[in-house]
Amino acid sequence: AKALLWLRNDLRLADNPALAAALDEGEVVPLYVLDPVAKLGGASLWWLHHSLASLRDDIAGRGGHLVVRRGDATKIVPALARKIGAVSVHAGQAHEPWLRESDRAAAEALARLDIPFHRQRSALLLSPEHIASRSGDPYRVYTPFSRAAFDAVHPRSPIAPPDRLAGGGRVESERLEDWGLLPTQPDWADGLRGAWTPGEAGAWARLGDFLEDDLAAYARERDRPDRSGTSRLSPHLHWGEISIDAVWREASAAKPDGSGKQTYLKELLWREFAGYLLWHNPKLAVEPLRAEYASFPWRRAPAELRAWQHGRTGIPIVDAGMRQLWQTGWMHNRMRMVTASFLVKHLLIPWQEGAAWFWDCLVDADAANNAASWQWVAGCGTDAAPYFRVFNPVLQGWKFDPDGAYVREFMPELAQLPDKFIQNPWEAPEDVLREAGVTLGKTYPRPIVDLKSGRNRALAAFKEIGGKG
Ligand code: FAD
């Protein structure tokens with residue numbers, strides 16, 4: 001018998017419960033459908049290309065053939081299932097609204113063909129519908145959620161990748177290379193190629209390095225964008241090149257026990273919480289969870305938005321973050337908070353604009369994590385940093401990039417400034433600027449907003465929707 005494996009955000013062979021279930025039925029035909037409903041950003045498409053190429057090789061090495069198609073998955077999946085005479089279709093459970101909608105429509109079409117459609121928990125540690133607060137309502141706040149989740153998580157035992165995966169050979173496939181997912185002119189992916197190895201092997205290598213080198217000190221180092229103390233597993237986890245069960249299992253078992261490990265597991269539960277929030281609030285990416293924010297007096301300021309996007313705000317730590325994003329497709333979590341706060345507070349630009357730019361530029365762009373985090377920073381999430389707590393980016397720079405190493409890495413035009421003025425060049429005396437080769441307004445912009453008046457304007461806007469600071 002043949003079973004169709006519909007791969008989505010689970011581009012892996014190890015610890016893949018949908019693959020295991022399909023193998024139980026017989027010969028497996030693995031399929032990936034690039035469906036335009038996902039509206040993937042540029043960096044995601046780059047990643048996807050390489051991840052699929054890697055999976056294709058891994059499957060070919062086992063005698064099999066990855067089938068790739070482009071178009072409406074709700075039509076392609078049932079049609080292919082019927083054509084190959086599949087006895088069943090298997091996939092991982094998804095929490096993205098468009099995938100849930102695809103699943104619903106595909107399930108209907110498959111039911112008409114009398115082909116069962118099975119889904120396994122895969123992207124999250126806990127199925128979102130199975131975890132509720134004592135009142136029976138979904139959790140809205142992280143801390144009680146994480147406590148309940150910690151007790152409820154029982155990661156799956158390892159599932160080894162199959163030795164042979166021989167299906168799909170006679171099934172017609174498009175060619176990944178014909179899809180044009182990689183940038184050509186301009187080729188902006190140079191920094192991405194240097195920073196990442198998409199695919200399952202790359203994911204496991206990354207996890208191994210992190211557990212060995214960085215887990216113990218994670219609680220201390222994770223806030224330092226000038227160091228590499230975090231796992232950088234986010235794109236691998238997003239695409240499911242490594243399963244969250246495996247990451248949880250391996251991190252739990254790692255030595256030494258201590259605050260590093262505990263803090264890391266709690267971060268994984270932030271991911272879990274975001275997926276849970278998206279499941280229970282499918283409009284998380286577009287609508288503020290707190291209703292009063294619907295009337296927030298946001299500004300339309302296209303020139304300032306562009307300055308933020310391109311790292312030309314005149315605030316070095318903000319610009320360094322935005323350039324790290326552009327160059328590498330990733331930004332350190334502390335910097336995501338600083339740059340996002342600057343956009344929604346100092347510039348009063350809607351968080352959805354910032355989320356859209358991140359969506360396009362991040363290799364780990366994730367509907368749940370991105371939307372939940374933006375709402376958190378903007379103060380409109382259910383469990384948000386209070387809006388009136390406005391980050392001062394210069395203080396953030398002094399605290400988390402004390403020698404300016406991070407700014408220097410991404411802002412070569414400021415590299416010669418002394419530590420004392422690297423975060424605030426507009427306060428430097430003329431001769432210091434001259435010696436460092438910096439001419440404000442020419443080689444580097446003056447701040448596009450005065451930090452103090454920007455802060456006051458944000459607080460005034462917050463009062464307009466009835467907020468109390
Ligand atoms: P580590 O510190 O090693 O954490 C391990 C894993 O835990 C991460 O890979 C990630 O899967 C998860 N995680 C950690 N922090 C968070 C968090 N705050 N929320 C949810 N999951 C978390 N993360 C994304 O994966 N995709 C996004 O699109 C995304 N957008 C964000 C937007 C903003 C404005 C902010 C403030 C944060 C965003 N994050 C997003 C969360 C976080 O910044 C990244 O997950 C993290 O920086 C990834 O680096 P890492 O793998 O080294 O993290």
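The questions and answers below concern the sheet, the helix packing and some backbone features of a predicted model.

Q: What makes strand S3 and strand S5 the edges of the sheet?
A: The open sheet has 5 strands in the order S3-S2-S1-S4-S5, with parallel pairing. Strand S3 (67-70) and strand S5 (117-120) each have a single partner strand, so one side of each is left without a neighbour in the sheet. From one strand to the next, the twist averages 25°.

Q: How do you know that strand S4 and S5 are paired?
A: Pairing requires at least two bridges between the strands, and strand S4 (residues 86-92) is joined to S5 by 4 bridges, with the two strands running parallel; the pair therefore meets the criterion. One of the residues involved is His 90, whose bridge partner in S5 is His 118.

Q: Which strands does helix H1 lie across, and at what angle does it run to S4?
A: Helix H1 (residues 17-25) lies across strand S1 (2-7), strand S2 (27-34), S4 and S5, and its direction is at about 170° to that of S4.

Q: Why is H14 called oblique to H16?
A: Two packed helices are described by the angle between their axes and the distance between the axes. For helix H14 (residues 333-346) and helix H16 (residues 367-378), the angle is about 60° and the axes are 9 Å apart. Angles under 35 degrees count as roughly parallel, and the roughly perpendicular range is 65 to 115; the value of about 60° belongs to neither, which makes H14 oblique to H16. The crossing of H14 and H16 is right-handed. On the side of H14 the contact is made by Arg 336, Met 337, Ala 340, Ser 341 and Val 344, and on the side of H16 by Ser 373, Trp 374, Val 377 and Ala 378. Sorted by class, the contact of H14 with H16 has 6 nonpolar, 2 polar and 1 charged residues.

Q: Why is H10 called roughly antiparallel to H11?
A: The helices H10 and H11 pack at an angle of about 165°, with their axes 10 Å apart. An angle over 145 degrees counts as roughly antiparallel, so H10 is roughly antiparallel to H11. The crossing of H10 and H11 is left-handed. In the contact, Ile 244, Val 247, Trp 248, Ala 251 and Ser 252 of H10 meet Lys 261, Tyr 264, Leu 265 and Leu 268 of H11, and these residues divide into 7 nonpolar, 1 polar and 1 charged.

Q: How do you know that the span of helix H21 agrees with its number of residues?
A: Helix H21 (residues 451-464) has 14 residues and, at 1.5 Å a residue, should span 20 Å; because its end C-alpha atoms are 20 Å apart, the two values agree. After H21 comes Gly 466, with a positive phi near 90°.

Q: What makes the phi of Arg 232 notable among the backbone values, and where does Arg 232 lie?
A: Phi of Arg 232 is near 50°, a positive value in a residue other than glycine. Arg 232 is placed in the loop between helix H8 (218-221) and helix H9 (234-238).

Q: Which omega value goes with the cis peptide bond from Gln 185 to Pro 186, and which with that from Lys 255 to Pro 256?
A: For the bond from Gln 185 to Pro 186, omega is near 0°, and Pro 186 is in the loop between helix H5 (142-152) and helix H6 (190-195). For the bond from Lys 255 to Pro 256, omega is also near 0°, with Pro 256 in the loop between helix H10 (244-253) and helix H11 (259-280).

Key
Residues are numbered from 1 along each chain as its sequence is written. This is a predicted model: local features need pLDDT of at least 70, side-chain atom pairs count only at pLDDT 80 or more; totals for chains, interfaces and linings use all residues. Axes are lines fitted to C-alpha atoms, for helices over the stretch in contact, and angles run from 0 to 180 degrees between N-to-C directions. Two residues are in contact if their C-beta atoms, placed from the backbone, lie within 7 Å. The expected span of a helix is 1.5 Å times one less than its number of residues. A crossing is left-handed if the near helix is turned anticlockwise from the far one by less than a right angle, and right-handed if clockwise. Ala, Val, Leu, Ile, Met, Phe, Trp, Tyr, Cys and Pro count as nonpolar, Asp, Glu, Lys and Arg as charged, and the others, Gly among them, as polar.
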